[in-house]
Structure formats: structure tokens, C-alpha cells
Amino acid sequence: MEMWQIICLTALVLTVILMVILIRNLRMMKEIWQLKEEDCAFTKEEELAEYQKVFIGDIAHEMKTPLTAILTFAEILSVKADITDEERRQYSGYIHEQAVHLKSMSEKLLQLVQFEGANLEKKELSLKQIIFEVLTAERAICEKEGIALEQELCECRLNGEKDLLKSLFYNLIDNARNASTENGKILVHMEYGNKEEVKIQIIDYGTGIAQEEMAHILKPFYTVKQVASKKLHGTGLGLPLCQRIIEYHNGKLEIESQPGQGSTFTVRLPV
């Protein structure tokens, strides 16, 4: 068995393990919902059920993009006849990276949902490198859907949690891709807003968001109507997760959108 096949098999085994965890939590939720409490508006069981519902949704959403990247690169490895050894190592590396991301994100998101941010360790890191790694994985998916993914990055170092920041930009680019049409374009632009903050803009030229929906898009489980009409769409948890991650890094999220003209998501982070 070749190395890339071993890596793909490992990623699939990891996915099965995560799905088993989700199924176990679903069974626990079902048992909790069957409990009857008289004259109690909001019981501990209901609180736990709501927490588990959000947790399962978060993990499922986070699994989607890395798994798509794994399947995309695995498909390239399996069908491309003239692949070089260098390309094989490169694509295998991407698959391995996304498998590791699945594992680490499940752990970090659990901490985040439980409001245990104090246990997450911030380190000085290159934001440009983090975004570049995300773009590398997303580009293959975008190209497969006929969407151009362009970048304008600058070097920037800040204190942050690497996996959470990667999740932030995975979600924002994933949302932009879902809102884009075939032959569309996504631009990731990065610059210093001032000496104390860096500004990252994820710009798409897709369906846009209606004004009446703007007040709801940060609510859990809310999905923009135009995006919900597509065959594949998110759970409505991506933007709430982004908001939590940005707040954890003491940043701000700004959203501008016009129906039919696209959207601009601006992330401002202190440096």
C-alpha cells in the first residue's frame, strides 16, 4: 500500500471515529429529550440537550471543509495518470494536514463551546502563513467548482491560537464559495488598518445577502436563503463560530453585502 493510500485510510478511520462520537451524543440527546419534568420552564436536562445540539452541529460543520479537501486531493491522486513524485508528496501532505486539522479542531471547538477559552494557549504566529495554508486547501475545491480564489497577503505577526484562526478563515472562505456562482471570484485581501490592527477582507461577488437577513446571519442555525437553495449548504453555525473566535482574539467582524453583488466580510485583529 502506498503512503498516500495509508494517509487516506487514516483520514477515513478518523472520520468514522468522529461520527461514532456524534452518534453517541445523538443517542444521549434522545434519552434526555424523553425525560419529562413537570412545572419546569428550563431544566438542567434541557440545558444539556441544547449544549449537545450545538456541540454536534459545530463538529459536523467543522468536519465538512477538511473532509472535502481530503476527498479532492485523494481523487486527484487516484485518477491523475501522469502525477509526479513531487505532486504525490505534496497532495499526501495536504491530506495529512487536513486529517490532523479534523482531530485538533474537534478538541479545540469543544473547549470553545464550553467557554473554556482560558485553557487555550495563544502563541506568536504568522497570520500570513495561516491564511496561505487555508487558501492552499480551499483553492483545489474552488477550482473544481469553477471559482477563482485570489489573494493579496502581507506579513503580519500576532498572538493567537493557530487552529482556531485556521477554522475562522476556513469558514469565511467556505461561506464565500457557497455564495459564489460558476466562473465567480473570491478575493482574500490583507492589510494593516493602523499600527494596532490588521484587516483581512474576504470578498465574493456572488448572491449577496438581503438587508432583512443581515440582522440574523450571526444567529446559530440561520442560513441565508440564497445559499440554502444550493444542493450543498452549511448548518448555519459557521458565522456564529467565526464571531466567537474573533471575540476570543479581541477582534471585530464587519459585514457588508448587496443582493446580486456579493459580500465583504472584514476581520479586524489586534497585532
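In strand 7, Gly262 is the bridge partner of Gln258. That bridge belongs to the pairing of strand 6 with strand 7 (residues 262-270), which is antiparallel and runs over seven bridges. The model is a predicted one.

Now widen the view to the sheet. Five strands make up an open sheet, and their order is 2-4-5-7-6. The pairing is mixed. Strands of a sheet pair through backbone hydrogen bonds, either parallel or antiparallel. At the edges sit strand 2 (148-152) and strand 6 (252-258), each paired on one side only. From one strand to the next, the twist averages 15°.

Helices come next. Helix 4 (residues 127-144) packs on the sheet. Helix 4 touches strand 2, strand 4 (185-194), strand 5 (197-204) and strand 7. The direction of helix 4 makes about 165° with that of strand 2. Helix 5 (residues 162-179) lies across strand 2, strand 4, strand 5 and strand 7. Helix 5 runs at about 25° to strand 5.

Another strand pairing involves strand 1 (residues 123-126) and strand 3. These two pair in the antiparallel sense, over four bridges. Ser126 has Arg157, in strand 3, as its bridge partner. Along strand 3 (residues 157-160) the side chains alternate. Leu158 and Gly160 point to one face and are buried. Arg157 and Asn159 point to the other face and are not buried.

Turn to the rings. The structure holds two aromatic pairs. Why does the pair of Phe73 and Tyr91 count as stacked? The ring planes of Phe73 and Tyr91 meet at 25°, with the centres 5.6 Å apart, so the pair is stacked; the cut-off for stacking is under 30 degrees. This pair links distant parts of the chain, 18 residues apart: Phe73 is in helix 2 (residues 44-79) and Tyr91 in helix 3 (residues 85-113). Phe73 and Tyr91 are both buried.

The pair of Phe73 and Tyr94 is tilted, with 4.8 Å centre to centre and 40° between the planes. Phe73 in helix 2 and Tyr94 in helix 3 are 21 residues apart. Tyr94 is buried, as is Phe73. Ring pairs thus link Phe73, Tyr91 and Tyr94 into a cluster. Elsewhere, Lys122 lies over the face of Tyr248, 4.6 Å from the ring centre.

Finally, confidence. The chain averages a pLDDT of 76, and 64% of the residues score at least 70. Over residues 25-42 the pLDDT is below 50. That stretch has 19 contacts in the model beyond near neighbours in sequence. Residues 231-235 also stay under 50, with 13 contacts beyond four places in sequence. Where pLDDT is low, the predicted coordinates should not be read in detail.

Methods
Residues numbered from 1 in each chain as written. Predicted model: local features only at pLDDT ≥ 70, side-chain atom pairs only at ≥ 80, totals over all residues. Heavy atoms only, no water. pLDDT = per-residue confidence, 0-100. Contact = heavy atoms within 4.5 Å. Phe/Tyr/Trp six-rings, centres within 6.5 Å; stacked < 30°, edge-to-face > 60°. Buried < 20%, exposed > 50% of the residue type's maximum accessible area, 1.4 Å probe, protein only. Lys NZ or Arg CZ within 6 Å of the ring centre and 35° of its normal. Pairing = 2+ DSSP bridges. Axes fitted to C-alpha atoms, helices over the stretch in contact; angles between N-to-C directions.
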